[in-house]
Structure formats: structure tokens, C-alpha cells
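Hi,

Here is the structure I said I'd send over. Have a look at it first, and my notes on what turned up are underneath.

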Amino acid sequence: MLERLDITSFAVARDVALDLRPGLTVFTGETGAGKSLIVDAIAFVFGARMGRDVVAAGAERATVRARLARGGRTVTVERTLTIAGRSSYRIDGEPARLEDVRALAEGFLDIHGQSEQLAILRPAVQLAALDEFAGLQDKRAAVAALVRELRDVRRRLHALRTDARERERLVERLGYEVAEIDEAALAPGEDEALRAEQARLGNAARLREEAERALAALDDPAAGEALAAVRAITARDPSAADLADAAGIYETAAADLRRALRAYRDALDEDPERLAFVTERLDRIARLLRKYGDTIEAVLAYRDEAAARLADLSGAEASAGELEAADARLLAELAERAGALSRARRAAAGRLAAAIAAELDELAMGGARLAVAFTCEDDPAGPAVALPDYEVIASEQAAEPAGALEPVPRAFTETGVDRVEFLASFNPGEPPRPLSAVASGGETSRFLLALTVALGQASEGRLEVLDEVDEGVGGRTGAVVGRALRRLARRHQVLCITHLPQVAAFADAHCVVEKRTDGRRTWSDVCEVAGDARRAELASMLGGVTPANLAAADDLLASAAAPA
């Protein structure tokens, strides 16, 4: 669970600290008070993509810190975003990567907002929801891995089956390139060494003159006279011993320099033939760099890549047979696994439809009819599975189709061979149609809540964050939404932004978001309310703190506290 949330200079929050607890926590406040900052802050700290505009006005950086209790230990996650747009993460005080933070949130955090309500209308999201409900993530991952492997085999086969003449031309070009680079016998760093040698050979005469001049200066009699004078000084004045030491160091260094200069001068040689060779070698290297890479290392890397491609193409005949065998093997295994995944989905579809229908019944939508439609399309290159082209499974129907079916090659993706779509009829007498075609705003909100609760029954405890899941729901049905949230909160920690007092009354903890100002800046504060302060907030949500609304708030709290 999320134990504590600290928000500093994030959006409209200046300095917010929240201690959270299990169960249902609601956040209420006036329109524009910044209620959604809690949802945004949680999404931010767990890696949501956000720009520097979330840094509060006048601040240098925004920081959100979350303390979690997971697996019997406490974990602290922190994210900071500077006004320059640089983002950094820490886990338990140590620098972390975005991938580490997102991995921590995986399986622990679900955030449902208005964008997620729209997402649930997409068939791909509905298929993922069904798989989560049925606990099919491992089977789905195995199918995805097989599909990726099969696609790689087919890509390589396609490359081998390209036009023979084109392959022949490519073999010839790659062979020439590999031979050209091999013939040059390049060595990493060779060009830098050659350029240094070229400079030395081209200036050999001038370098010899400079060496002679340096030797002459070192052999100057004046230097010997200076040393003799120093010795005379130290002979007469023992306190000047440091001068003698310095003179000795100078004399030794001068002797060493003299020997080094003579060796350097004697090694210098005007060698026109070597200079011509070095210049020609550098020209050859430059031509290879223009063709194959910016550095010798890049040229050698290109050579290895070209040699590998050449080996693949040269062994095309032998490889094709192996790849065709691999294709057949993978396709057969995919048919078995994809078929098993599809049958498991169909077996779970009725249970999911029944669970959602039961929740919708609790949400005052008892006339709703729900079903899951499965579609499979033909594809001669796909795995052969025995499934109907179209099948609709409702809560009262068996999952298995009647009669035996012949295996048919089906189109496939990494999710298998099924296309799933939730069908719904929210009014008696209407045939079920795609959810996106029949759901109004309030109905979509209640369906999302029903789905969240139904999925929650089959998942481990996690943090569920809901941003105005009661959007479009009136006060008349607010209480049933509150009860549904309480049911969800029995298994999960639930944080909910709401504008309905009928929902807020069911909370285990109630927080109010208020906008404040000092005349120069405006910010939002969050504080928990209880007792009379909570009654006053509920009354305010009902229209104002009046005796009648305070009495109504008491009725809401009493009703929420009564056994379901």
C-alpha cells in the first residue's frame, strides 16, 4: 500500500504531506481547487511522461516522494523534475532508472482517469482486461514470444528468397568490400600514428637544426661559469648549501637533456621513401574512411557486419531448409498454444460477464445485458486452430461452442488469434452492441467501476487510483457507486477523486483539497477531515453548510455505515 505521499512545488501544490491508510480514501473540493493533483503526483512519481510545466511557478524543481509498504518492507520512491526539464529518480535514496521505478509500480498500481475510461472502449484494452481477469498473462506472454520468434524466422526466409540476381549482386559487392578492407590490413589508431610520423619526417631537417641549437646552448661556457660561481659561493658561505643542491640538480638535468637531445638528433633521418609510403598509406586509409566509416574502428566494424551478411547469403541454400523447418515447427506450436489461450479466454468470458453484470446490478443498472464477442479471421499463413469465426458469450451461456470444428489457419498477433469486444445493452429489449456505441458518460463510468471491481476480485491487493470515476453519475446513484468502491477497498487500497457527497460518505478517510492565496501566489492544500469538519464538508458538497444539509450529511454517513 501507499503509506505516505510528499508533494513539493508540483503543479498547484506548494508543500503537501499525506499519511494514507488501507481502505477507501476520497478527495473532495471545489471545482478548480486542484483535486486531480493527487492523481497526477502519483502518476508522476511512478514515471508518467510530464513536461517542465508541472514545476510550480517560481520554483526551481518539482519533487514527489512516495513511501510504499510492499512484501513486508518499506520502499521510498522519489522523482524530481527541474525547470530545465531534467528528471531524476531515487529508490530508497539511491539513484534509479525510469525502468526500475516502472517495474516497482507494475502489478502494484492502477490509475483510472477519464483517458482510461476512453481506453476501455478499445477492443485491445478489453482483451487485456479479460486476460487479467482469467489470470492468462503467462499463457499470453508465451504466445507473444512464439509469434516474435516465428516472425523473425519468416523475415530471414524472405531475405533469402529475394530475387536471385539481386542476391548475386549483393554477394559480389559485399565480397569486394570485405576484400578491400582486409587487403588494407588496418590497425586501430594507425592513422594517428602515421600522421605523427608524417609530421616528423616532413620536418626532419628543421628538427635537427633545433636539436643542434639546443645542444649548443647547453654546452655554452657561460653555463659552466655559473656552476663554478655557485660552488665558490657555497665554499665561502655554508648557509648557501641550497644553492649547491640546486646547481647539482641543474647539472644532472642538463646532462640528461644533452644525452636525450643527441639520441633524438641521431635518430632523425630524412627518408623521402618512407615519407612517400606514409603519405600514400594515409591516402588509402582516408579513402576507406570515406566509404565505410568515420574511424578505423568503424571501418573494421562495417567489415565484420558485411562478412556476416555475406556468410548468411552464401549459405542461403542450406539456411533456407533449416528456416523452413523452424517455420513449420513454430507454427504448429503456435497453433497449440494460441488455441489453448483462446479456449481459456472463452471459458473465462462468461465468468467475467457474470461478475460485471452483478456489479452493474449493484450500481443500479440491473437491466444491463453484457456479453463478450470473439472474432477470428482467416489467414493461410497463420496457425490452424479449431475456433468459430464469430462467437458471443454471455454470462448465462456455456463457453464452449456446440459441435466439432475443423482447424482453420487464422490471422494472428502477439496476443493470439482472437479479437475481443465487449457488447452491452443498458436498456431492456435492446440487443447487445459494442460498448463504445451504447455507453453514455455516466454508464461508461459505472461500467469502468464494475470492471475494476470485477477484476479486483481476481487480483492481488494493489493501489487503485480513480479520478472522478463517478463522472456523469447523479446523486441518485451515487450511493451505489460508493458501495462499489467500498467493496473494491476490502481487497485493495483505493484513492478516489469525487464530487458526490453520496460517494464521499462511504470513505474510510476523507481529504479536502482547498485553494489558498497570499495575494501574490495561489496554491492548493490537502488536509484530512473527520467528525464535525467532515460533516461540514459533506454539507458544503450538498449545497452549503446549513442545518438541513448538515442533517442530510448525517443521514448519508449513517446510511454508509449501515450493513450492506
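Let's begin with enclosed space: the count comes to one cavity of 30 Å³ or more. Bear in mind that this is a predicted model. That cavity has a volume of about 50 Å³. Its lining is made up of Leu352, Ala353, Ile356, Leu370, Ala371, Val372, Phe422 and Phe447. Sorted by class, that gives eight nonpolar residues, with no polar and no charged ones. As for where the lining comes from, helix 13 (316–362) and strand 9 (369–375) each supply at least two of its residues.

Now for open space. The second largest pocket has a volume of about 300 Å³. It is lined by 19 residues, and the closest to its centre are Thr28, Gly29, Glu30, Glu537 and Ser540. What is the mix of classes in the lining of this pocket? It divides into seven nonpolar, six polar and six charged residues. Three elements each contribute at least two residues to that lining: strand 17 (509–517), strand 18 (522–529) and helix 18 (531–542).

Helix 18 is worth following a bit further, since it also packs against a neighbour. Its axis and that of helix 19 (residues 547–561) come within 8 Å and cross at roughly 110°, which means helix 18 is roughly perpendicular to helix 19. The crossing of the two is right-handed. On the helix 18 side, the contact is made by Arg534, Arg535, Ala536, Leu538, Ala539 and Leu542. Helix 19 brings Asn549, Leu550, Ala552, Ala553, Asp554, Leu556 and Leu557 to the contact. By class, the residues of this contact divide into nine nonpolar, one polar and three charged.

There's one other helix pair I wanted to flag. Helix 7 (residues 190–202) and helix 11 (residues 272–292) have axes that come within 9 Å and cross at roughly 145°. Is that crossing left-handed or right-handed? For helix 7 and helix 11 it is left-handed. From helix 7, the residues involved are Glu190, Asp191, Leu194, Arg195, Glu197, Gln198, Leu201 and Gly202. They meet Arg274, Leu275, Val278, Thr279, Arg281, Leu282, Ile285 and Leu289 in helix 11. This contact has seven nonpolar, three polar and six charged residues.

So, if you want places to start looking: the cavity with its eight nonpolar lining residues, the second largest pocket with its six charged ones, and the two helix crossings, right-handed for helix 18 with helix 19 and left-handed for helix 7 with helix 11.

Cheers

Conventions
Residues numbered from 1 in each chain as written. Predicted model: local features only at pLDDT ≥ 70, side-chain atom pairs only at ≥ 80, totals over all residues. Heavy atoms only, no water. 1 Å grid on protein atoms, 1.4 Å probe; cavity = no way out; pocket = protein on both sides within 12 Å on 5 of 7 lines; lining within 4 Å. Points joined across faces, edges and corners; volume = space filled by probe spheres on them. Helix = DSSP H or I, 4+ residues; strand = E, 2+ residues; numbered from the N terminus. Nonpolar A, V, L, I, M, F, W, Y, C, P; charged D, E, K, R; others polar. Axes fitted to C-alpha atoms, helices over the stretch in contact; angles between N-to-C directions. Parallel < 35°, antiparallel > 145°, perpendicular 65-115°, else oblique. Left-handed = near helix turned anticlockwise from the far one by under 90°. Contact = heavy atoms within 4.5 Å.
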